[in-house]
Structures are given as C-alpha cells and as structure tokens.
Amino acid sequence: MTHGRHLRLEWAQHDGRGCLKIGGWTEAELRELSGLDAGALSRRLAVYPSEALPKGGDRSVSLPMAGRFLVQDGSVWFAPRFPFADRVSYSLLVGSAGDADGAEVWEIRRPSPDAVSTTEVVAIYPTAAELPVNLLRVYVHFSAPMSEGWAARAIRVSREDTGQALEDVFLPPEPELWDAQRMRLTMLLDPGRIKRGLMPNLEFGYPLMEGTTVRIAIDPAFRDASGQPLRAGAGRSYSIGPALRSRIDPTAWRLTVPNAGSRTPLLVEFDRPLDHGLLQHCLLVRDAAGQALSGVAEIGEGECSWRFMPDAPWQTGEHHLLVEPRLEDVAGNSPARVFDRDVTKAQDAPGEREAVMIGFSCDRA
C-alpha cells in the first residue's frame, strides 16, 4: 500500500445496504486490489469497532468485523454481515495480516440517529424559469460533502399540474458525477433520448415534454457524508419550451462597456441561458497586451448574463472577451457545434474548436 495519500471514509448505500465506502486510493493501488480475490482482500483490509482495534495491527488478538470487501467505481466498499451500530467509531486497518509495522489505521464514527441535520441544498441550476425541451444537465449544490449512492432515489422529476412522476428522465448515475468536494452533483438527462435519430429518442421521445411545467425535487432523505439526512427537501419548477438547436454565437451578445479609470463591471448579456458549471470557467477578459485581467466574475439571474469587475481600474484602449469553445448552453450547444443536430443540415456540422474573441474599447468618460 502507498503511504502519503489520504483515504476518505464515508457511510454510503450499496445494493440497498449500509456500507463503508473507502476512496482516495491511487490508480496503482486500485489495480492491485482489483486483482485480489475475496480472501486476499480480507487479509489486506479489515474493519473493527475502534475499541476492539488490535494494538500494533496484530489481527490474532481480536477478529475483525464479518463482511466482504468489493472494489468498484474507483473505491473500495465494505459490506458488513451485520449492520453498523449508531454512535460507534469504526477503524479501517490497511496492511497485510501480521504486518504490524506497516499497518495504517483510518477511523470514522457512525452518527447518532437523533443528531441534528445541518446539510441543505443551496442551489439548483439552471435557474431560468423556462428551459428547452432538450435540456442536457442539472446541477444540485449542497452546503456540505454528501454521501454517494442516493441520487437515483432522492431526486425526482414530476409534472407540476398532475403530480405525475416522470420516469427515466436522468441517465442512471453510475457512477454519480460529483465535484472533488462532493458538494456539487451533476445530473445528466439521457443524451440518447435528446439526440434525434437515436433509438431511445425514436422509441421514447425527449425526457421532458414541451408545453408542460415540471418540478425537480430533492428528497430530504438524501444523506450527507456523515450519514445524516438533509435539513429539508428542495425543488425548482420549470416551464418547458421549444428545443434549442443552434450554436452559441458570442457576436449576438450585448456588452455594456465600462469607462476607463473606473472599476464599473463589464456586463455581458447572452441571447439564451448558458450552462452554469461551464460559465464559471469559460469567459476571460484580456487587456490590449493580451494579459488576462484579475477580478471578480458573477453569473446573472437565469444564467443569462455575466459581470466582471477588475481588481484594478480599467485602462484606456482595446480589451477582449475570450470565449472558450467548450462553453455550452443548457442544451449542450457550443460555439463549435450543435448538440442535438440535424445531420442532413450542413450548417449544423461541427466547426473549428477555437476560442472566440470579442473586442471592446474602454474610453474616458
């Protein structure tokens, strides 16, 4: 095993059972562990109630918990034969049996069932009131790190007028798409049902229905990394409009240019809602010399605008807004291609993946 890395222990569900999930392994370690059979894994890894942890890693002193280890989706899972107990600390021992000097110990505590829930949903994106029927993704932001394995059960989509649940809207989240802190979850709508001409689209149509209002709801049963449910459920409603099937055209954006010598923000207004996750990284302001300006960027309401306030006053002269080609709108269209394109239309064929530069000049008032 490799020392110097940090293992992440969390409580999670696997195949409907409460398990201990261990992440943070190196790729080499995962390859090694994946090649071991169940017996070899149990000799390499062991879980104990912390109070029963053998001193010096000597496993002959006390038996580890009964259960099995499984290597899957970049993590190691431990499924106990009998459920973990609340309010009890558990320790993972990493190292070959009898290897007292090389053993590592990692600890995690089961939460109290009556502990106060503190984690909540802080945002659901997009925030635009109306979305195209070929919406590609939804982001859910939480206030603290979350457990994995709950998304498919705890996130639901329904028609707001009838309450009817819409099935199979999202691509099965296997694995779930979390950021590094496990505080932002990306839910993809099934691309096979969005792209025209593919069999899922022909058989089932779009996941959403134009002309309806839908609600995306997050159940409070969603567990955070400590195993606690959310403080409350959350949701957002959307009117579903026509499909959006055209490239992003930055030349169609409206720029409100600040005066030189001020720190008034540059305001960029889009012709459509853009993807919130990509919008945080795909716009850059440069000065006449081509140097990137430091400052604070803010995404406007509905992801339909973007403001940039420089750290230093604007200089007189030419500036450029750089738009990276990977920027997408909420339907997955970029400046280079149409996501849900008609293959018979030449104008929809993918173009060059080059950054777009929009020039603007800051003048003295």
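Trainee: By class, how many nonpolar, polar and charged residues does the lining of the largest pocket have?

Mentor: Keep in mind that this is a predicted model. A lining can be sorted by residue class, with Gly counted among the polar ones. Here, the lining of the largest pocket has 10 charged, 9 polar and 7 nonpolar residues.

Trainee: Okay, and what volume does that pocket have?

Mentor: About 640 Å³ for the largest pocket. It has 26 lining residues, and Asp73, Trp77, Glu148, Gly149 and Pro173 are the closest to its centre. Try finding those five in the structure above.

Trainee: Which strands and helix each supply at least two residues of that lining?

Mentor: Look for strand E1 (8-14), strand E2 (17-23), strand E5 (75-80) and helix H3 (151-154). Of the elements, E1 gives the most to this lining, with 4 residues.

Trainee: Now the second largest pocket. What is its volume, then?

Mentor: That one comes to about 310 Å³. Its lining is made of 15 residues, and nearest the centre lie Ala152, Glu167, Asp168, Val169 and Phe170.

Trainee: Which elements each supply at least two residues there?

Mentor: H3 and strand E11 (155-159) do. The largest share is from E11, which brings 3 residues. You've met H3 already, as it also supplies at least two residues to the lining of the largest pocket.

Trainee: And how do the residues of this second lining divide by class?

Mentor: Sort them as before: the lining of the second largest pocket has 11 nonpolar and 4 charged residues, and no polar ones.

Notes: Residues numbered from 1 in each chain as written. Predicted model: local features only at pLDDT ≥ 70, side-chain atom pairs only at ≥ 80, totals over all residues. Heavy atoms only, no water. 1 Å grid on protein atoms, 1.4 Å probe; cavity = no way out; pocket = protein on both sides within 12 Å on 5 of 7 lines; lining within 4 Å. Points joined across faces, edges and corners; volume = space filled by probe spheres on them.
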